[in-house]
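Colleague: I have a structure open on my screen and I'd like to learn how to read it. Could you walk me through it?

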Amino acid sequence: MEIKILGWGYENIRRFNTLDLDLLQGGTHLSHVTLVMMRNGTGKTTTISLMRSVLNGTATNWNPEEVRSYKPTKGQASQGKFYIKIKFGTELYHYNLILDYERGRASYETSHVGMSGGLEQGHTLPMQLKGVFTKEFINRFIFDGEQAKKTLSADSKEAELAVTYLYQIEKLDNLISEINSLVQRKQSESDSKGATSSSLSYNRTRMENKRNHYLNLVTRRDKVILQMSQYQTRWVDLENQRTELITSDERLRQDQLNLTSRKALKNNELNSLLQTIGTEVKEPFNIHSLFDARLKSLMNNMQTLKLPKTTAREFFKELSESPECVCGRPIGQEEKVAILKRADNYLGEDDLSVINAIKDSLRNYSTSGELTIALEQMITLKEEIQSIQSALDRLVLHLDEEAIRKAESIAEEQSDIKQKILGLQQERDILDAPYGTPNTSEQNNVAAAEKAWKEAEENLQRATGTYEYTQKANKLIIYINNIRSLALQKLKDSIIIKTNEKVERILTDDRITVDKIDGSLILHDRTAVSEGQTLAIAYSYIGSLFEHSSFEFPFVIDSPAASMDLGVRREVASIIPTLFKQLIIFVTSGEVAGFAEKFYSMDDVLYATIEGKENNEKATCTFGKDYFSAYQCEEEE
Amino acid sequence: MKLYEELSNAMNEVVSVTEESSDFKPRFTKLIENYFDSSYVERDIDDVIELINLSEGNSDGN
């Protein structure tokens, strides 16, 4: 489906009294590219934001302050309106976003061909776009620098979500939800048919209790983690207060600084020592001489027994093919079958290589005393750190009486918090421990509680006679999930190839490639890129994303070139029109050099210059390249 | 359209390694295709579930 923006307009919105931008200019031809020149601070961001809101239908949730923020500062307007004309395939839609400044409410009106009675209240979308035109989705084609950063931010799943939604992969998630609903309905129907059975009621209550208990434990775990973090924050806060008490005393400040820096130094030494210990303890012969003696004895035994050669499965396989056994007896069909059957009890080629590797390691290892030395150093270091901490604690004793009282109160609260954190840590460790950990049970452990719930659920399924049906449905869900992962991966792979082709054309001075899409775009061997490069990569990605989608979206961008150097601007300007079927670009006069001017030689470009006014005078829009370029010159002067 | 191409490839890959019956495979792929076109009925999902084979160790025999 081809989606095109045909125009938009304002009535009593901030600096705009009334302004209509008809991109068709009264005709039927829609330009491929529209360049809209607006000065900074005249409403570019407002326009982008209103375009998003008029399409995503979420403005009805705005609070009164948000609605009134669009009210012109001068004049007595009680209502504002932003509208957009948009074509979905062959259907023309007109959306009004009405801002009631008096009541502080936003509402929508929609009209489209085929709708009786002109404008209707509410926000209506074509059937195919319901569920697609979400707030997040619209941000992907009504674009700005923030959205570009999200595409490359490690904390964001923006890039992956874009593929999922644009290619409607999420439909497979919906199918899974439908399967789950169907299973639940079958269970309820079966439940009502067999309502006489008391075991059914018992099983259902049991399953519900187990599920609730599991959910309670999950909630408790979240609460424990939150409390721990709150206590830790408070502890740090108290520690800062304590430090402040000391450093506010000139006599003690230097001592405090010296001790703190010594403590930090010793802590660093301790950390590096712990790393050595961590590596050394992985070698058991270094931990205790008993392990060393046992390993050496194992090596001797292996050599005595000529392990692993004498027990190879292949030996018996070869033997079964011989006419006679090593003992001289003939090997017939019956003996051959018996030997082959038992051959599997012995080691095969794959096992042999593992055993040979073990033997090799046993033969070649040598003990070192490094672990013992490191452990001794660790004890000394811990004592030193403890001694520095004691010296730090004692500094408060040199304070005046009031400060000492305050320091004591801080120390008391810190000690109390420390105990609480320890208690919470223990509780979290038990809650989070893997299933089967000693001292855990379904009463105190999330994994055990989940297992108990799942078992109770299976018992209920058996009691309702839907066990087999549920198992089949689960297997079907696994197939669908596999298809989802594979299809998504294939789409991501092909989008990465297309993105990299475009990036290579735009960023000629610096070799940047996208490695994969894992939530966000992951770059090859790069952790940071410039703002201009971020935008160039994001445009390449969005352009590639739209390339094979079933929807052809317009692409609206706010100040695309502001942060780019001239070289990148020229490349972006020459490539970006090839990425999108309709392009609406908001620029400032500062983006003409290297960027907007590149469009002057292109065909099918509409130029619009909007001049917002500070006073009550109407904001105007002038179409035409001459005015656009002249306005630029005036601005420069 | 690209999605259908990749979806179709993924379906073929997944279905080819299952040990489901020859009845299941076409019904399953048709279900997914119809689901994307919104031209399915709930009965189709039910039928495909019933065609699943549990003999690969997914059932305890009950």
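Modeller: Sure, we'll take confidence, then the interface, then a sheet and one helix end.

Colleague: Where do I start, and what is the mean pLDDT of chain A?

Modeller: Start with the fact that this is a predicted model. Chain A averages a pLDDT of 85, with 93% of its residues at 70 or more.

Colleague: Which elements of chain A have the lowest and the highest mean pLDDT?

Modeller: Helix α4 (residues 145–152) of chain A is the lowest, with a mean of 70, and β3(A) is the highest, with 95.

Colleague: On to the two chains. How much area do chain A and chain B bury between them?

Modeller: Interface size is often quoted as the accessible area lost when the parts come together. Here chain A and chain B bury about 3,200 Å², and 67% of that is on carbon and sulfur atoms. The contact takes 32 residues from chain A and 32 residues from chain B.

Colleague: How many salt bridges are there between chain A and chain B?

Modeller: The count is 5. You can look up Lys186(A), which forms a salt bridge with Asp46(B); their closest N and O atoms are 3.3 Å apart. Polar contacts are tallied separately, and 12 residue pairs across the interface make one, with both residues at pLDDT 80 or more.

Colleague: Which elements of chain A give two or more residues to the side that touches chain B?

Modeller: Those are α6 (170–193) and α17 (467–506) of chain A. The largest share, 17 residues, comes from α17(A). By type, that side of chain A divides into 16 nonpolar, 7 polar and 9 charged residues.

Colleague: Now the sheet. In what order do the 6 strands of the open sheet in chain A come?

Modeller: Read across the sheet rather than along the sequence. The order is β8-β11-β12-β3-β13-β14 in chain A, and the pairing is mixed. At the edges sit β8 (142–143) and β14 (620–623) of chain A, each pairing on one side only.

Colleague: How many bridges join β3 to β12 in chain A?

Modeller: There are 5, between β3 (residues 33–37) and β12 (residues 582–587) of chain A, and these two strands run parallel. Take Met37(A): its bridge partner in β12(A) is Val587(A).

Colleague: Last one: which residues is Thr247(A) in contact with, leaving aside neighbours within four places in sequence?

Modeller: Arg253(A) and Gln256(A). Thr247(A) belongs to helix α7 (residues 198–247) of chain A. Leu257(A) is 10 residues from Thr247(A) in sequence, and their C-alpha atoms are 8.5 Å apart.

Definitions and conventions:
Residues numbered from 1 in each chain as written. Chains lettered and ligands numbered in written order. Predicted model: local features only at pLDDT ≥ 70, side-chain atom pairs only at ≥ 80, totals over all residues. Heavy atoms only, no water. Contact = heavy atoms within 4.5 Å. Buried area = accessible area lost by both parts, 1.4 Å probe. Salt bridge = Lys/Arg side-chain N within 4 Å of Asp/Glu carboxyl O. Polar contact = N/O pair within 3.5 Å; in protein donor to acceptor, adjacent residues only side chain to side chain. Helix = DSSP H or I, 4+ residues; strand = E, 2+ residues; numbered from the N terminus. Nonpolar A, V, L, I, M, F, W, Y, C, P; charged D, E, K, R; others polar. Pairing = 2+ DSSP bridges. pLDDT = per-residue confidence, 0-100.
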